[in-house]
Amino acid sequence: MGLSIFLLLCVLGLSQAATPKIFNGTECGRNSQPWQVGLFEGTSLRCGGVLIDHRWVLTAAHCSGSRYWVRLGEHSLSQLDWTEQIRHSGFSVTHPGYLGASTSHEHDLRLLRLRLPVRVTSSVQPLPLPNDCATAGTECHVSGWGITNHPRSKGPRARGQGSGWVQVWDAGREVES
């Protein structure tokens with residue numbers, strides 16, 4: 001029963017329509033972001049997240065649902081990778097300072113607890129969290145799900161993990177390089 005549900009969800013996930021999420025990024029190397037997860041409602045990708053513990057995923061509070069199918073160990077959302085794990089989220093905890101996306105994006109954080117812990121593999125691992133915050137001006141690597149070029153541009157379109165670089169902000173302003 002469990003294997004058939006897993007295969008059904010994998011196949012249904014392959015039918016996911018390509019919607020732009022990341023521009024000017026590059027496709028991630030296979031298994032280079034083993035903490036990256038996709039949060040699905042049925043076959044629809046709702047949000048990305050990051051595995052921070054065997055049972056906890058950090059996502060954005062504006063991802064308002066708490067009951068998701070959580071897909072881990074993915075590289076491509078449009079083909080079966082054979083490294084996938086699927087879990088269901090049980091409940092969520094939203095940062096108490098979050099006032100809603102229409103007000104601001106401050107404290108836009110939510111924790112989702114997985115009903116079952118993940119199996120740590122080369123494709124599924126919690127993010128090794130730092131002990132200190134990055135200082136203003138530090139370049140940081142970001143990753144997420146989507147296509148890695150603008151929808152109107154010519155050239156290959158990768159639908160899967162993409163990544164890029166951003167600089168840490170200071171007092172609400174981007175630090176100039």
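Of the 177 residues in the chain, 38% are buried, where buried denotes a relative accessible area under 20%, exposed one over 50%, and partly exposed a value in between (1.4 Å probe, protein chains only). The structure is a predicted model, in which local features need pLDDT of at least 70 and side-chain atom pairs count only at pLDDT 80 or more, whereas totals for chains, interfaces and linings use all residues. Residues are numbered from 1 along each chain as its sequence is written, and side-chain values use heavy atoms, with hydrogens and water left out.

The mean pLDDT of the chain, that is, the predictor's confidence in each residue on a scale from 0 to 100, is 76, and 67% of the residues reach 70 or more. Two segments remain under 50 in pLDDT, namely residues 1–22 and residues 154–159. For residues 1–22 the model has 37 contacts beyond four places in sequence, a contact being defined by heavy atoms within 4.5 Å; for residues 154–159 the corresponding number is 21.

With respect to secondary structure, the chain has one helix and eleven strands, assigned as DSSP runs (H or I, at least four residues, for helices; E, at least two, for strands) and numbered from the N terminus. Read along the sequence, these elements follow the pattern α-β-β-β-β-β-β-β-β-β-β-β. Among the contacts in the chain with a separation of 6 or more, 65% are accounted for by residues 24 or more positions apart. The chain exposes about 10,200 Å², of which carbon and sulfur atoms supply 57%; accessible areas were obtained by the Shrake-Rupley method with a 1.4 Å probe, and for residues only the protein chains shown count as cover.

In soluble globular proteins, nonpolar side chains tend to be buried together. The largest nonpolar core in the present model has 16 residues, a nonpolar core being a set of buried Ala, Val, Leu, Ile, Met, Phe, Trp, Tyr and Cys residues joined through side-chain atoms within 4.5 Å. The residues with the most contacts inside this core are Val37, Leu39, Leu51, Val57, Val70 and Leu72. Two or more residues are given to the core by each of β2, β3 (44–53), β5 and β7 (110–114), and the largest share, three residues, comes from β3. When residues up to four places away in sequence are not counted, Val70 touches Val37, Gly38, Leu39, Val57, Gln85, Ile86, Arg87, Ser89 and Leu114.

A search of the whole structure finds one disulfide, defined as a pair of cysteine sulfur atoms within 2.5 Å. This disulfide is formed by Cys47 and Cys63, whose sulfur atoms are 1.8 Å apart, and the link is left-handed, with -110° about the S-S bond. Because Cys47 lies in strand β3 and Cys63 in the loop between β4 and β5, the pair ties together parts that are 16 residues apart in sequence. Both Cys47 and Cys63 are buried. As for other cysteines, Cys28 is buried, with a relative accessible area of 6%, whereas Cys133 is exposed, with a relative accessible area of 75%.

Two arginines in and before strand β5 were also examined. Arg71 is found in strand β5 (residues 69–72) and counts as buried because its relative accessibility is 4%. The side chain of Arg71 is joined to that of Glu74 by a polar contact of 2.7 Å, the term referring to a pair of N or O atoms within 3.5 Å, of which, within protein, one must be able to donate a hydrogen and the other to accept it, with residues adjacent in sequence counting only if both atoms are side-chain atoms. Arg67, by contrast, is found in the loop between β4 (56–59) and β5 and, at 47% relative accessibility, counts as partly exposed. Leaving aside neighbours within four places in sequence, Arg67 is in contact with His88, Ser89, Gly90, Phe91 and Arg115. The C-alpha atoms of Arg67 and Arg113 are 9.6 Å apart in space, with 46 residues of separation in sequence.

Positive phi values were noted at two loop positions. Asn31, in the loop between β1 (26–27) and β2 (36–41), has a phi near 65°, a positive value in a residue other than glycine, and is partly exposed at 33% relative accessibility. Trp82, which lies in the loop between β5 and β6 (85–94), has a positive phi of about 70° although it is not a glycine, and this residue is exposed, with a relative accessible area of 67%.
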